[in-house]
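Work through the following exercises with the sequence and the coordinates open beside you. Each task is followed by a solution that proceeds step by step.

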Amino acid sequence: MAAYVCTRSFINKFKDSIRFIPRRYRVKTKWAATRPKFPATELALHNFDTSYGIQLRDLWPSIRVAMLCEQKYGALINSFSSVPNAIKDLEAQGCKDFISIDCSRNEVHQPSQDYTTSHRDSTELEPASLQPSISPDIKCLVFPQGDISRFKPARPDSSGILGYYLLDAASVLPVLALDVQPGHTVLDLCAAPGGKTLALLQTHSVNYLWVNDLSGSRTMRLHRTLQSYLPKEFLDESKIHITSTDGRHLGITEEKSFDRVLVDVPCTTDRHSAMVEENNIFKRSRTKERQKLPLLQTQLLLAGIQATRRGGYVVYSTCSLSQLQNECVVQQAISLAQQELGITVQEFFDVYLSNVLLERFTSADSLESVAKLQCQRAKRMLGTGLGSYSGSACHFLNGLGFLMVAAFILHAAKTKKESMKEKKF
Amino acid sequence: MVRWMWRWSVCRVAVSRGHMPFCSTQQEPHNANPSHTGQVTHRPGNQLTLCSLLEMGFSETQAKEMHECATNSRGKHVPSVLTALLLLGLNPSSILKIMQKCPEVYSLKGADLQQRVDHLRKMGLVEGSLQRMISHYPKVMLLPIKRVNMVSRLLREKCLFTIHQVTEILRDSPEVLEEDLAELEYKFQYAYFRMGVRQPEMVKAKLFRMSLSELRCRHCFLERRGLYQTPDKKGQTLIVNPPLKDVLCVSEEAYLAQVAMATAEEFHVFRKLMAKEQEEEGREDEYSSDEDEELGEDKDDEDDDDGVHRRKRHWKTGYKKDRK
């Protein structure tokens, strides 16, 4: 196992200010004379080897090495910027927009053998006719597969708005899956530092965006990001509402308010935990916190479900491969939503890095066909080997780890009262 | 024996002066260069003649080629050099190949060459291995004895190889003699501390044949795939590390198929990434840290900020810690 210990100095953003530093953050590696005996990164890798080795089997070594190498960035084009030729310059370097590459393909192939038979009779809609619903305004350019070039920092236009935002290309997938339609109200429950928020805004379809994150400082950072990327008129309170509260409360206060909800929960951030020692969630002092993560994630997802109106979508995403933080949380949240809140949530699809697509459809509804197409599209995007430097498995590295996307469609959500009435008979 | 041969060649020269009985049966080119042969006859013993070459056992074409190269090299003691090589027991075609591989040998002094060969013998290279080594790696003859001694001393004193092991290393990887001493030591330490390999295994795996970058590449690829672990203080690992010879002594295809179990494409991209990492470590760039390492954070962020590329490069420095 490779453990990576930080030897580089970190430039503290707030180096000028003197603040009380909670004990667990005090030790800075650059000042530490000795290294920890059991680096948290090693503990993290050991944890991954144990669980993912079983879960992913043959795929795990390739994913492991990709996780321990430099990640692949994508340049999310900022359509609010008037930097001339931003896209052209990037394309001149060899980059391509991975989203439109996929949309231009007409084939609707189904390579996965895990497809359950019930879907075969679902109607297949033409990709072309559905293109408008797949947020074509979001453009994310990446270097070709196997090309390890780096992006240069984004340039500002005349008003200081930056031309693109660098993030892990996989971070865009949940936003694509969310499929924001014009006029929608959207809630981003755990938004910081704001990459996905920016991607949401690129759709130009959001009527009202509520952006929330628990951490105050990270919310501030998100605010600054938005200021660098959006013209002042777009940062109006009536259009973008930024809060810094516990997302779990928003389920109750904002019940059934949003068309779309993105729940990008805090997780073990696999890639980050394997590489960065500082404040690593796998360090022993944070064990309890880490063990309580699935519970927190379930609660956040539940709040997200509550905040969604009937017929709306919720997308749950993490950057961890762990089943405990993905499938288990989703299952738990769905069952809790049913039992405790009387909300029926239909699990639409979850796109998993091993390219197994699990879809559960109840009927050949056109809505579901759209979702199915989205699955396939997402799957094809995965298949382009984006974010991954190895061409073998079709894995996709989000931010630090892998993308786990589960989309839910709330169908005929019943309130508690209604369901209770029915029980009488 | 050498002097006898010298006289013998002198005689031959005298006899063939102007006539070149053997050479007259050659094609035109030889007769077209009378000045050449004229020169040869004036300085007997120091210059090479085609006849002497033929006497040594070279075929006509071989002799021609050798003669031409020798003259081009302006070596002054070519006959003695060839004599020394012949004494080694090398046959003419091997000698020709050596000279083709390493024309600088022409410029040597026979006595020096003999000394160096004797020195190598003293180092333990027995007949058979000595010849093979010289045939395979003629450059070794260009190296002064002092150099050979320095490398040998490094291997024995700093790397703690036994004399036998040093001999084996020299035999299998004579290129070691030309390597920079600091880099040689570094390579050893990488294998010793970073990979946890000990001397016998290093020798068996012909460690010194491989360049450091390739060694590092193959090792780190395995390590990051979870297939190789640096042993702890007690020398233990959680997994069984593949033997070093299985990693190093095989072709890249075999290594990928049997040990790493990965595709060539993955490995090539990994190699590029490693090269970049090494380059940056060498420059010791100071990239600013991830913005998410702010105090008071619970969640680490994955996204980038302000369009600037951030790198999170953290190296296991267990190796460097031990480096002397």
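Two strands are taken to pair if DSSP finds at least two bridges between them, and helices (H or I, at least four residues) and strands (E, at least two) are DSSP runs, numbered from the N terminus. The model is predicted, so that local features need pLDDT of at least 70 and side-chain atom pairs count only at pLDDT 80 or more, whereas totals for chains, interfaces and linings use all residues. Residues are numbered from 1 along each chain as its sequence is written, chains are lettered from A and ligands numbered from 1 in the order in which they are written, and side-chain values use heavy atoms, with hydrogens and water left out.

**Exercise 1. Find the strands that pair with β8(A), and state how they run.**

Step one: strand β5 (residues 184-188) of chain A pairs with β8(A) in the parallel sense, over three bridges, and here Asp188(A) has Leu262(A) as its bridge partner.

Step two: strand β9 (residues 308-318) of chain A also pairs with β8(A) in the parallel sense, over six bridges, with Val261(A) standing opposite Val314(A).

Step three: consider burial, where buried means under 20% relative accessible area, exposed over 50%, and partly exposed in between (1.4 Å probe, protein chains only). Seven of the seven residues of β8(A) (residues 258-264) are buried, so the strand is largely enclosed by the rest of the structure.

**Exercise 2. Give the strand order of the open four-stranded sheet in chain A, and identify its edges.**

Step one: the order is β2-β3-β1-β4, with antiparallel pairing. The edge strands are β2 (96-97) and β4 (164-168) of chain A, each of which pairs on one side only.

Step two: two bridges join β2(A) to strand β3 (residues 140-142) of chain A, and the two run antiparallel; Asp97(A) stands opposite Leu141(A) in β3(A).

Step three: helix α7 (residues 195-202) of chain A packs on this sheet, touching β1 (73-77) and β4 of chain A, and its direction makes about 40° with that of β1(A). Contact here means heavy atoms within 4.5 Å, while axes are lines fitted to C-alpha atoms, for helices over the stretch in contact, with angles running from 0 to 180 degrees between N-to-C directions.

**Exercise 3. Classify the ring pair of Phe48(A) and Phe282(A), and place both residues in the chain.**

Step one: rings of Phe, Tyr and Trp (its six-membered ring) pair if their centres lie within 6.5 Å, and planes under 30 degrees apart count as stacked, over 60 as edge-to-face and the rest as tilted. By this rule there are 15 aromatic pairs over all chains.

Step two: the centres of Phe48(A) and Phe282(A) lie 5.3 Å apart with their planes at 90°, so the pair is edge-to-face.

Step three: Phe48(A) lies in helix α1 (residues 40-56) of chain A and Phe282(A) in the loop between α10 (270-275) and α11 (287-291) of chain A, 234 residues apart, and the pair thus links distant parts of the chain. Phe48(A) and Phe282(A) are both buried.

**Exercise 4. Compare the surroundings of two salt bridges within helices of chain B, those of Arg171(B) with Glu168(B) and of Arg218(B) with Glu214(B).**

Step one: a salt bridge is a side-chain nitrogen of Lys or Arg within 4 Å of a carboxyl oxygen of Asp or Glu, and the structure holds 23 of them over all chains.

Step two: in the pair of Arg171(B) and Glu168(B) the closest N and O atoms are 4.0 Å apart. Being three residues apart in helix α12 of chain B, the partners are separated by about one helical turn. Arg171(B) is partly exposed at 32% relative accessibility, and Glu168(B) is partly exposed at 33%.

Step three: Arg218(B) and Glu214(B) meet at 3.3 Å, N to O, and they are four residues apart in helix α15 (residues 212-225) of chain B, again about one helical turn. Arg218(B) counts as buried at 5% relative accessibility, as does Glu214(B) at 17%.

Step four: Glu214(B) and Arg218(B) are linked with Glu252(B) and Arg271(B) in a network of salt bridges.
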